[in-house]
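Trainee: I have a new structure to look at. Can you walk me through it?
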Amino acid sequence: MTTTPHPTLAELADRATASRDRPAYGHDALITCDRLVRVFSTDGVEVQALQGLDLLVREGELMALVGASGSGKSTLMNILAGLDTPTAGAARVAGRDLLTMSAKDRLAYRRGVVGFVWQQTSRNLMPYLTAAQNVVLPMQLAGTGGRRAARAERALRLLDLMGIADCRDRRPHQMSGGQQQRVAIAVALANDPAVLLADEPTGELDSQTAERIFAAFRTANEHLGTTVVIVTHDQAVAGEVSRTVAIRDGRTSTEVLRRSEVDAATGDERVVAREYAMLDRAGRLQLPAEYTRALDMRDRVALELEADHIAVRRDDSDGARRPDDGVGRPGNGLGGRATGPHDPASGTERPGDGG
Ligand SMILES: Nc1ncnc2c1ncn2[C@@H]1O[C@H](COP(=O)(O)OP(=O)(O)OP(=O)(O)O)[C@@H](O)[C@H]1O
């Protein structure tokens, strides 16, 4: 639609209808985090663990979340698991509003809608129960899975799917760390959850075992259709999924999408990975620190709208030119706009903080 400086009433009505009919943010996603904020206050000090995080996960996805220590990954996982509540923003999982759920709904959510696997193998399983009994337990608590024999049968099927049927009568201390994590995945799947959340599930394991755990998540995703979100530091795991979302300073910053491409000439299949920056609904974008450093961009940059892209250039205005600049690169003067770190339109953002 073209915009005119003085729209007619009819044009205004058309615009209003167009924006009303536009689907809401995340309307078709299984997980929607919309400007999610979580502030912790301890001893009068406030920590903003999540600072307006946006994330959409579609049904049936198997994706990874990565980020430096303290970036907010566990905080997000605890919220999605229904163990913690956000301070502000919106979070919906499989149609449940995580901010307004009652205590009763929250319990039902934790038992039936999400399953989780934690890093510490000991946190996932009851030490005095066998593998099969551990898998039956969530069904007993939720009153699902039918009669006793049906629950036992389902437990065995899940252990079999995870490739550890032979461990069914063993207690956790009689299994390896990798076997325990695969039992933990079976436990998390017991009530057929919509989403499986895993926080560093391979953190305590060697790389070969980690590979097997990842294969178990893939099996759950492919055979049962479960949506899987894995927080990981493990580059190998991150490299195996089709989408990796990076969290930085409590916000989603970049996304890597991988897809297979067949080389037209040789017929060989290869995986192509491409990194994207996240553009939020206020139009904010974080530039990678290595890009801004390479071009010595700081404080403010000049933007130019081109036919199919937006150019971001170093601020070469007279006031900003530094003695060591050497070559000046004046903009073309066609509609260039400089934005600063405190542009009123962008709130209090620091573009590309290098953190
Ligand atoms: N219960 C809490 N009380 C106070 N601050 C907290 C609490 N939980 C987390 N934080 C703080 O919130 C920030 C994000 O923490 P979080 O555990 O989510 O990070 P993370 O990305 O999971 O880190 P790691 O990879 O080390 O587990 C950190 O600064 C952390 O110190």
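Mentor: Sure, we'll take the ligand, then the helices, then the database record. Keep in mind that this is a predicted model.

Trainee: OK, ligand. Which residues surround the ligand?
Mentor: Start with Phe40, Thr42, Val47 and Ala49. Then come Gly67, Ser69, Gly70, Ser71 and Gly72. Lys73, Ser74 and Thr75 complete the list.

Trainee: Which helices and strands do they come from?
Mentor: Three elements supply at least two residues each: β1 (31-42), β2 (45-57) and α2 (73-80).

Trainee: And which one gives the most?
Mentor: That's α2, with three residues in the shell.

Trainee: How many in the shell are nonpolar, polar or charged?
Mentor: Eight are polar, three are nonpolar and one is charged. Glycine counts as polar here.

Trainee: New topic. At what angle do α5 and α6 pack?
Mentor: About 120°. α5 covers residues 131-142 and α6 covers residues 148-161. Their axes are 9 Å apart.

Trainee: So what do we call that, and why?
Mentor: α5 is oblique to α6, because the angle of about 120° is outside the perpendicular range of 65 to 115 and not over 145. The crossing of α5 past α6 is right-handed.

Trainee: Which residues make the contact?
Mentor: On α5, they are Ala131, Ala132, Val135, Val136 and Met139. On α6, look for Arg151, Ala152, Arg154, Ala155, Leu156, Leu158 and Leu159.

Trainee: How many of those are nonpolar, polar or charged?
Mentor: In this contact of α5 with α6, 10 are nonpolar and two are charged. No polar residue takes part.

Trainee: What about α5 and α7, how are they packed?
Mentor: α7 is residues 177-189. The angle between α5 and α7 is about 25°, and their axes are 7 Å apart.

Trainee: Is that oblique or roughly parallel?
Mentor: Roughly parallel, because the angle is under 35 degrees. α5 passes α7 in a right-handed crossing.

Trainee: Which residues meet there?
Mentor: α5 brings Ala131, Asn134, Val135 and Pro138. α7 brings Val183, Ala186 and Val187. By class, that contact has six nonpolar residues, one polar and no charged.

Trainee: Next pair. How do α7 and α8 cross?
Mentor: At roughly 20°, with axes that come within 9 Å. α8 is residues 207-224. That makes α7 roughly parallel to α8. The crossing is right-handed.

Trainee: And which residues touch?
Mentor: From α7: Gly177, Gly178, Gln181, Arg182, Ile185 and Leu189. From α8: Thr209, Arg212, Ile213, Ala216, Phe217, Ala220 and Leu224. Seven residues in the contact of α7 with α8 are nonpolar, four are polar and two are charged.

Trainee: Last one. What does UniProt list for residues 34-275?
Mentor: The entry gives "domain: ABC transporter" for that span, and the entry is unreviewed.

Trainee: How far apart are the end C-alpha atoms of residues 34-275?
Mentor: They lie 22 Å apart. The span is 35% helix and 31% strand.

How values were computed: Residues are numbered from 1 along each chain as its sequence is written. This is a predicted model: local features need pLDDT of at least 70, side-chain atom pairs count only at pLDDT 80 or more; totals for chains, interfaces and linings use all residues. A residue is near a molecule or strand if its C-beta atom, placed from the backbone, lies within 6 Å of it. Helices (H or I, at least four residues) and strands (E, at least two) are DSSP runs, numbered from the N terminus. Axes are lines fitted to C-alpha atoms, for helices over the stretch in contact, and angles run from 0 to 180 degrees between N-to-C directions. A crossing is left-handed if the near helix is turned anticlockwise from the far one by less than a right angle, and right-handed if clockwise. Two residues are in contact if their C-beta atoms, placed from the backbone, lie within 7 Å. UniProt positions are given in the numbering used here, feature names are shortened, and annotations may be inferred rather than shown by experiment.
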